[in-house]
Amino acid sequence: SLYSACKLIALPFVSIILAFRKQLYACLLKTTKPYPPFNSLWKQCYQLHFIRILAYCQRAGIDLHTTLTLAIESSVDSYFLKYITDIRNEITLGYSLSDALTQQQLFSQKIIELIKIAEASGELDTTLINITTELEEKQSDLFSHLSKLVEPVIMIILGVFMGGMVI
């Protein structure tokens, strides 16, 4: 059937994308990071990814050092990887998570204060999940704005391409 044929055609492409997703991600990062709107987007993606790993690992009862090691292993960008490694090293030296984040200046003061309060109250996992939800909403808004900016450019490119085909 047509469905089976489409699956057979798509399967190798999906397998290649999954096998090389880290390399593809790194290539995409390298080509888009120098541009300011994308730079902000990447930073928010890193922050969200990091907080999400912290939240779910804390909820699962995994210790902070192991959680940060997992975050390091899942990171693609060397710039962000340095921050996570430094945070892990500071926690190994006995600093709290909020103190380590303060020293790295990777997150806003609001997020750091929320984490500090959560550490004191013992509700770190719940607070991290709430922060994740907030960051996801901000990221969604940013994607929405970027797509509105990129849409006219895509239409112009398609118009030129279609016009070139007609002529």
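The following exercises, with worked solutions, concern helix packing and the nonpolar core in a predicted model.

**Exercise 1.** Determine how helix 5 and helix 6 are oriented to one another, and which residues meet.

*Solution.*
1. Two packed helices are described by the angle between their axes and the distance between the axes.
2. For helix 5 (residues 78-92) and helix 6 (residues 97-104), the angle is about 140 degrees and the axes are 9 Å apart.
3. Helix 5 is therefore oblique to helix 6, since angles count as roughly antiparallel over 145 degrees.
4. The crossing of the two helices is right-handed.
5. Helix 5 contributes Tyr 83, Asp 86, Ile 87, Glu 90 and Ile 91, which meet Leu 97, Asp 99, Ala 100, Leu 101, Gln 103 and Gln 104 of helix 6.
6. By class, this contact has six nonpolar, two polar and three charged residues.

**Exercise 2.** Identify the residues that touch the most other members of the largest nonpolar core, and the helix that gives the most to this core.

*Solution.*
1. The core has 32 residues, of which Phe 50, Ile 51, Leu 97 and Ile 115 touch the most other members.
2. Two or more residues come from each of helix 3 (36-59), helix 4 (64-74), helix 5, helix 6, helix 7 (109-121) and helix 8 (124-166).
3. Helix 3 gives the most, with nine residues.
4. Beyond four places in sequence, Leu 97 touches Leu 54, Leu 64, Ile 87, Ile 91, Ile 115, Glu 119 and Leu 124.

**Exercise 3.** Decide whether Gln 47 is buried or exposed.

*Solution.*
1. Gln 47 belongs to helix 3.
2. Its relative accessibility is 10%, and buried means under 20%.
3. Gln 47 therefore counts as buried.
4. Apart from neighbours within four places in sequence, Gln 47 contacts Phe 80, Leu 106, Phe 107 and Leu 135.

Notes. Residues are numbered from 1 along each chain as its sequence is written. This is a predicted model: local features need pLDDT of at least 70, side-chain atom pairs count only at pLDDT 80 or more; totals for chains, interfaces and linings use all residues. Side-chain values use heavy atoms; hydrogens and water are left out. Axes are lines fitted to C-alpha atoms, for helices over the stretch in contact, and angles run from 0 to 180 degrees between N-to-C directions. Helices (H or I, at least four residues) and strands (E, at least two) are DSSP runs, numbered from the N terminus. Angles under 35 degrees count as roughly parallel, over 145 as roughly antiparallel, 65 to 115 as roughly perpendicular and the rest as oblique. A crossing is left-handed if the near helix is turned anticlockwise from the far one by less than a right angle, and right-handed if clockwise. Contact means heavy atoms within 4.5 Å. Ala, Val, Leu, Ile, Met, Phe, Trp, Tyr, Cys and Pro count as nonpolar, Asp, Glu, Lys and Arg as charged, and the others, Gly among them, as polar. A nonpolar core is a set of buried Ala, Val, Leu, Ile, Met, Phe, Trp, Tyr and Cys residues joined through side-chain atoms within 4.5 Å. Buried means under 20% relative accessible area, exposed over 50%, partly exposed in between (1.4 Å probe, protein chains only).
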